[in-house]
Amino acid sequence: MKLDDLESLLQRAISLLKNSKHTVALTGAGISTPSGIPDFRSAHSGLWKRYDPMEVASLMVFRHNPQKFYEWIHPLAQQIRDATPNPAHVALARLEKAGYLDGVITQNIDALHHRAGSHVILELHGHLRQATCVSCYEVYDTDGIMEAFIQSGEVPRCVKCGGVLKPNAVLLGEQLPYEVVRSAERLLAKCELMIIAGSSLQVVPAATLPIPALNAGAKLIIVNHTPTYLDERADVVIHGDVETVLPYLADGVLGKNHE
Ligand SMILES: [Zn+2]
């Protein structure tokens, strides 16, 4: 991409953001990789190449062999604890605070949007802040539980009944949280502009969520390293680093010195 082409794409994106009354961001693993969290659905990335996510991160495996699941998620839990939001997360939080973004719909379970200061966050794949006992359904906040697990590697158990605790993250083969998906659909139904950042749009339902809004005339900005199947329907496609492009857009909309 030539530099002046990139500049004109960025300016076009800034103008779309300034002129939209309702903008929603949809984020995927690519927004958190600059924070050091690997995309655990792509089996070939570093740490995860020893595991097939279909084999370890599925509900079936969890039911039959929670130990195996917890061995797999152990390094990820540690990385999530140690990660900090990067400039892409911060840019979206700034846009929301200034009234230029209605909210973030994310495929990530790392809570980095929360930690960056975003408020309206719909986590399609759940999160690790809570866990539920598979036997008695008691729900636990995981602050101390995750830390103990990171230290000991032992499968977390329910203090009431001894049942295994399952993080409230959506495993493969598991239903998505219905209310979250509905809220995401509602948010998108009234949006005039979507920003898809760091998602290759290969995982359903994130992949198909933008379609009704697009059909209703919403504009679309895509910032992602690799092409997506919606590139041809987007108004602006930038194949670049989210942690560079999103802050540039936020600065363009809000001014550099705006918090
Ligand atoms: Zn229990």
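**Note on salt bridges and a three-stranded sheet**

1. The count comes to 9 salt bridges, taking a side-chain nitrogen of Lys or Arg within 4 Å of a carboxyl oxygen of Asp or Glu as the rule. The model is a predicted one, and the points below should be read accordingly.

2. One of these pairs joins Asp235 to Arg12, with an N to O distance of 3.9 Å. The two residues belong to distant parts of the chain, 223 residues apart: Asp235 lies in the loop between β8 (219-223) and β9 (236-238), and Arg12 lies in helix α1 (residues 3-19). Asp235 is partly exposed, at 30% relative accessibility. Arg12 is likewise classed as partly exposed, at 39%.

3. A salt bridge also connects Arg94 and Asp251, whose closest N and O atoms are 3.1 Å apart. This pair again links distant parts of the chain, since 157 residues separate helix α5 residue Arg94 (helix residues 87-97) from Asp251 in helix α10 (residues 242-254). Arg94 is buried, with a relative accessible area of 13%, whereas Asp251 is partly exposed at 21%. The two fall in separate classes because buried means under 20% relative accessible area.

4. Arg182 and Glu185 form a salt bridge at 2.9 Å, N to O. Both residues lie in helix α8 (residues 178-189), and because they are 3 residues apart, about one helical turn separates them. Arg182 has a relative accessible area of 28% and is partly exposed; Glu185, at 35%, is partly exposed. Elsewhere, Arg81, Asp82 and Glu147 are joined into one network by salt bridges that share partners.

5. Turning to the sheet, 3 strands form an open arrangement in the order β5-β4-β6, with antiparallel pairing. β5 (139-141) and β6 (165-169) are the edge strands; each has a single partner strand, so one side of each lacks a neighbour in the sheet. From one strand to the next, the twist averages 40°.

6. Strand β4 (residues 126-133) is joined to β6 by 4 bridges, the two running antiparallel. Within the sheet, Ala131 stands opposite Pro167 of β6. Helix α4 (residues 66-82) packs on the sheet and touches β4 and β6. The direction of helix α4 makes about 50° with that of β6.

Methods:
Residues numbered from 1 in each chain as written. Predicted model: local features only at pLDDT ≥ 70, side-chain atom pairs only at ≥ 80, totals over all residues. Heavy atoms only, no water. Buried < 20%, exposed > 50% of the residue type's maximum accessible area, 1.4 Å probe, protein only. Pairing = 2+ DSSP bridges. Axes fitted to C-alpha atoms, helices over the stretch in contact; angles between N-to-C directions. Contact = heavy atoms within 4.5 Å.
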